[in-house]
Structures are given as structure tokens and as C-alpha cells.
Amino acid sequence: MLPSQVTGKKVILVPVYKGSYRSPVTNYRPISLPSVVCKHLELVIAGYLRQVWDKNDWLYEGQHGFRQGYSCESQIIKVCQDIADSLDEGVDIDAIIIDFSMVFDLVPRDRLLTKLAASGVDSRVVVWVREFLVGRTQTVKVGGQLSKEAKIISDVPQGSVLGSLLFLVYLNDIWRNIEY
């Protein structure tokens, strides 16, 4: 059985256990898996977004997550090299570690869509993404019981093809507010 089921814009979530103790709700991840048709459309849009961003060199060079040719390992290597270089040069090192584990659920759509439009993509794609995100509802299924249907007012759908790319759009300019 799939962790969730999507019918149009109505999502039925089944909490997926992610580890540690079973009683806290925070140890379960609601991941929506889209229908096959939706997933194919998302793949087309994702390919287009990557093509535009690569052509415009739009994504921040330090962003390694959710990018082709980059990985957690490449990020760790880069950080370790930066630390080693700083130590060799006698430069102070400051580190800020941020846990983005819950951020997918908190992304405000209007700000996300504004940033997507500013990334250089065709306005019709922005409209498609808006329609993809707006009007979604969800219910949670536990032990055969369904919760009441609720509107999703802000989020980037986890488990979708576009979810991670939309998350990148939202965070891509975070580095601009950091002084070195």
C-alpha cells in the first residue's frame, strides 16, 4: 500500500514512521504521492525549471541539496574544505546549523510564487504551479479512519517531483542576507 493517495487535489495521507519512539506524532512523516498523470506533468515542469535555472545560472552555488550533480557528500566535502582553509589561514569560523525538517509545511505560497516568477521562468509555468498548489485539501488516514478534510493553506508537497525544487526556489536567496 502506498503511504498516501492523491485524487486530483484531494490528498489522503497515511503517516509514515521515520524512526525513534512510535508515540510522538513528530516521528511520522506525511508524504503525498501524486497520481501517475500528475507525476508525469511534474517531471515535464521540473525539467523545464532545471533547464531555465541552469541556463541563467540562477541557483546559489552553495546549494547542494535537490540538485543534479550535487549531493550531501559534495556539501560535506565543501564545508570541510572551507573549515580547513579557514584554519590554515587563521581565520575565525562561525557556523549556523538550521533544521529545515518542518519547513516544507510552512512555505507561504504567495512568496514562493513571487520568487518563482523572479527566477526567469515563463509566466504560464508560474500559473501552472499556482494551480498545482492552490485548492488542495487533505485528510489523514490512521487505522482505517479518516480525519475531517482540511484545506492546505501553505506548503510544498513532500513526496512530489516538484516539492524539492519549489523548496529550492523559496530558499535560493537566503544567502543574500548573510554578511561574511
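Is Asp 173 buried, partly exposed or exposed? At 25% relative accessibility, Asp 173 is partly exposed, where buried stands for under 20% relative accessible area, exposed for over 50%, and partly exposed for what lies in between (1.4 Å probe, protein chains only). The model examined here is predicted, so local features need pLDDT of at least 70 and side-chain atom pairs count only at pLDDT 80 or more, while totals for chains, interfaces and linings use all residues. Residues are numbered from 1 along each chain as its sequence is written, and side-chain values use heavy atoms, with hydrogens and water left out.

A good place to start is the interior. The largest nonpolar core (buried Ala, Val, Leu, Ile, Met, Phe, Trp, Tyr and Cys residues joined through side-chain atoms within 4.5 Å) has 30 residues, of which Leu 49, Trp 53, Leu 112, Leu 116, Val 129 and Leu 162 touch the most other members. At least two residues of this core come from each of α1 (36–56), α3 (109–118), α4 (123–133) and α5 (161–171); helices are DSSP runs of H or I with at least four residues, strands are E runs of at least two, and both are numbered from the N terminus. Helix α5 gives the largest share, 9 residues. In soluble globular proteins, nonpolar side chains tend to be buried together. Leu 49 offers a handy view of the packing: with neighbours within four places in sequence set aside, Leu 49 is in contact (heavy atoms within 4.5 Å) with Leu 116, Val 121, Val 125, Leu 162 and Leu 165.

Charged pairs come next. Side chains of opposite charge can pair when their charged atoms come close. The structure contains 4 salt bridges, each defined as a side-chain nitrogen of Lys or Arg within 4 Å of a carboxyl oxygen of Asp or Glu. One of them joins Asp 173 to Lys 115, with 2.9 Å between the closest N and O atoms. This pair ties together distant parts of the chain, 58 residues apart, with Asp 173 in the segment after α5 and Lys 115 in helix α3. Whereas Asp 173 is partly exposed, Lys 115 counts as buried at 19% relative accessibility.

Another salt bridge pairs Asp 82 with Lys 78 (2.9 Å, N to O). These two residues lie 4 residues apart in helix α2 (residues 72–89), so about one helical turn separates them. Asp 82 is partly exposed at 34%, and Lys 78 is partly exposed at 41%. A further salt bridge links the side chains of Asp 122 and Arg 124 (3.0 Å, N to O). Here Asp 122 is partly exposed, with 27% relative accessible area, while Arg 124 is exposed at 64%.
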